[in-house]
Structure formats: structure tokens, C-alpha cells
Amino acid sequence: MLETPELSQKSRAESSGAEHLRGGPQFVPQVDIYESDKELVLFADLPGVAPADIDLHYERGQLVLQGKVMRPRQEGTAIATEYEYGDFHRVFQLHETIDSTAIEAECNNGVLTVHLPKEQKAQPRKINVRQ
Amino acid sequence: MFARWQNLSGPGWNTLTQLQDEMNRLFDRCGFNGHRPAARGVFPAINMWEDGESLLVEAELPGLDMKDLEIYVTGTDQLTLKGERKPNVPADSVKHRQERGFGNFVRVLTLPYAVDASKVDARLEHGVLQVRLAKHESAKPRKIPVKAV
């Protein structure tokens, strides 16, 4: 069993893995991934990203997640700047057993939840053993 | 303390400080935003701005509801952010990866200005908390009229 990580700040992307047009730093969202018999569930922290600004697509076995962050309104003078603003980007390699047509996602309070259902044939089946 | 530093420093030291000041100005001009990350283990990280009327404190708290969060102003210049981030674990599932942290946090901030505790407005939008605190009357800037003689 993995240990629960402590609350921590977001981390900067070390290598963006994609060309970045808007400039500024880019961040790797922190994620949790769970698997049940029927699906994989992914949670990603995307603070400051409105649901409409999330771009999630699945292509050739890769799930690409991009989030465009709201920039702060420029108000007065900065007194403390402990974190930076930047878009989120992360790519996941998925198994072929995911039914890509049935992927569903929702975003609530800055947390994205993605449901990745397994294909029927990949779901475990209980085999009845006859006497 | 400041004077003692001055005494200790020779002419070489002065040049160094000057160079440092120059570099700081250069970074400021180039749009370097003066980002100083919070110490490790400090949660949440905050950004703070001020204008003549108010202070604005912002923190990234994804996954929190207003009901998971307590905000206090103590005295005239202490802001406390307290809360809990609860894990959301789907039923009957195995954990593959866990990077997101959970648990309780408290952060007490000493504000640079006295604020009016009755005029605090907090809102949570897409996992970002914004607390607007009205400066106390005594802390607001006052324009001094200059009389022509």
C-alpha cells in the first residue's frame, strides 16, 4: 500500500513534452489513479482552471490533459508571491483495453475526474465451475 | 544591526551590494515577478496583493468546499486559513498512483496592514481561494494636500 502523501504545492514541469505557446511556467498536475473491475478513475488537481478551459483528448492510446489557468487580475502591488501561474499539461499512456468512446470527465472545485471504462472483453468474468 | 553591517563592510562589500541591487532592478525590469516559494511543508502557498483600500490573499486549494474551510481574522492583522482536504476513493478499487496530498492544514499569516475584521469577503472559485480584507481606516493611505504659499 502506498503511503498517503502530505499536502504539498504543485510542481513545475521539468520537461514540457509539448510545445507551449502561451509562455510562462508550465505545471504537471498531481494525480491519483484507481482501478476497479469496470474502469480506471483518474483525479487531477487543476486549481484555477475553469471546466471550459480543460482540453482532454484521447489519441492513439494516449490521454492528453491540458488546462488553461485563469491569470490573476492585476490588482495593486504584490506583497507575497509564493506560487506562480501557469498552464497544466500531462500525458498518460493507456492500455488498449480502454473503451475510448465511453470516456467521461467532470470538473468540480478545481479537481478533474476522468472515468476510463474498460472494454467489455477486458473486464474480469466469473467462470462458473460445474460439478 | 544595520549600522553594524555597515561598519563591518569594507569598500568591496559595498560594490557587491550595489551589484546585487543592480541585478534586482534588472530582474524587475525584465518582468521577473519576485517569486519566492513558500518553505517546504508550508501549505497552502499564498499570493498577496494590496491596493489603497484592501488586501487580497489568494491560495490554491483544489477539491475543497467552503464547508471544509475555516477563515479567521484575529486581532487586527492575523489571518488564519484552516481546513481539511478529504481523499475521494472510489469503492472497490485498487490504488495505482497517489500524488495528491490529503489531511488537515493550518496557516497563520501576519498581515502587513491592520484590517477591519468585519469587512472580509472570501470566495472559492475553481479550487482557488480569494480572501479580500478591507484595510483598517488607520492603515489606508491619506493624501496630504500641499498648500501653495
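Helices and strands are DSSP runs, of at least four residues (H or I) for a helix and at least two (E) for a strand, numbered from the N terminus. The views below are taken from a predicted model.

**View 1. Loop of chain B with a cis peptide bond.** Helix 2 (11-29) and strand 1 (46-50) of chain B are linked by a loop that holds Pro44(B). The peptide bond joining Phe43(B) to Pro44(B) is cis, with omega about -10°. Most peptide bonds are trans.

**View 2. Loop of chain A with a positive phi.** Arg60(A) lies in the loop that runs between strand 5 (54-59) and strand 6 (62-67) of chain A. Phi of Arg60(A) is positive, near 45°, although the residue is not glycine. Most residues other than glycine have a negative phi.

**View 3. Contact between chain A and chain B.** Chain A brings 47 residues to the contact, and chain B brings 54 residues. About 4,500 Å² is buried between the two chains, and carbon and sulfur atoms give 52% of this area. On the chain A side, Leu7(A), Tyr34(A) and Glu82(A) supply 18% of the area buried against chain B, more than any other three residues. For the complex, the predictor gives an ipTM of 0.81 and a pTM of 0.78.

**View 4. Polar and charged pairs across the interface.** Chain A and chain B share 5 salt bridges. In a salt bridge of 2.9 Å, N to O, the side chain of Arg85(B) meets that of Asp45(A). With both residues at pLDDT 80 or more, 25 residue pairs are in polar contact across the interface. On the side of chain A that touches chain B, strand 3 (31-35), strand 4 (39-45) and strand 7 (77-81) each supply at least two residues. The residues of this side of chain A comprise 25 nonpolar, 11 polar and 11 charged.

**View 5. Strand pairing between the chains.** Strand 3 of chain A pairs with strand 5 (residues 94-98) of chain B; the sense is antiparallel and there are 4 bridges. Opposite Ile33(A) stands Arg97(B), a residue of strand 5 of chain B.

**View 6. Confidence along chain B.** Chain B has a mean pLDDT of 83, with 83% of its residues at 70 or more. Of the elements of chain B, strand 4 (residues 78-85) has the highest mean pLDDT, 95, and helix 1 (residues 2-8) the lowest, 43. In residues 1-9 of chain B the pLDDT is below 50, and the stretch has 1 contact in the model beyond near neighbours in sequence.

Conventions. Residues are numbered from 1 along each chain as its sequence is written. Chains are lettered from A and ligands numbered from 1 in the order in which they are written. Side-chain values use heavy atoms; hydrogens and water are left out. Contact means heavy atoms within 4.5 Å. Buried area is the accessible area (1.4 Å probe) that two parts lose on being put together, summed over both. A salt bridge is a side-chain nitrogen of Lys or Arg within 4 Å of a carboxyl oxygen of Asp or Glu. A polar contact is a pair of N or O atoms within 3.5 Å; within protein, one must be able to donate a hydrogen and the other to accept it, and residues adjacent in sequence count only if both atoms are side-chain atoms. Ala, Val, Leu, Ile, Met, Phe, Trp, Tyr, Cys and Pro count as nonpolar, Asp, Glu, Lys and Arg as charged, and the others, Gly among them, as polar. Two strands pair if DSSP finds at least two bridges between them. pLDDT is the predictor's confidence in each residue, from 0 to 100.
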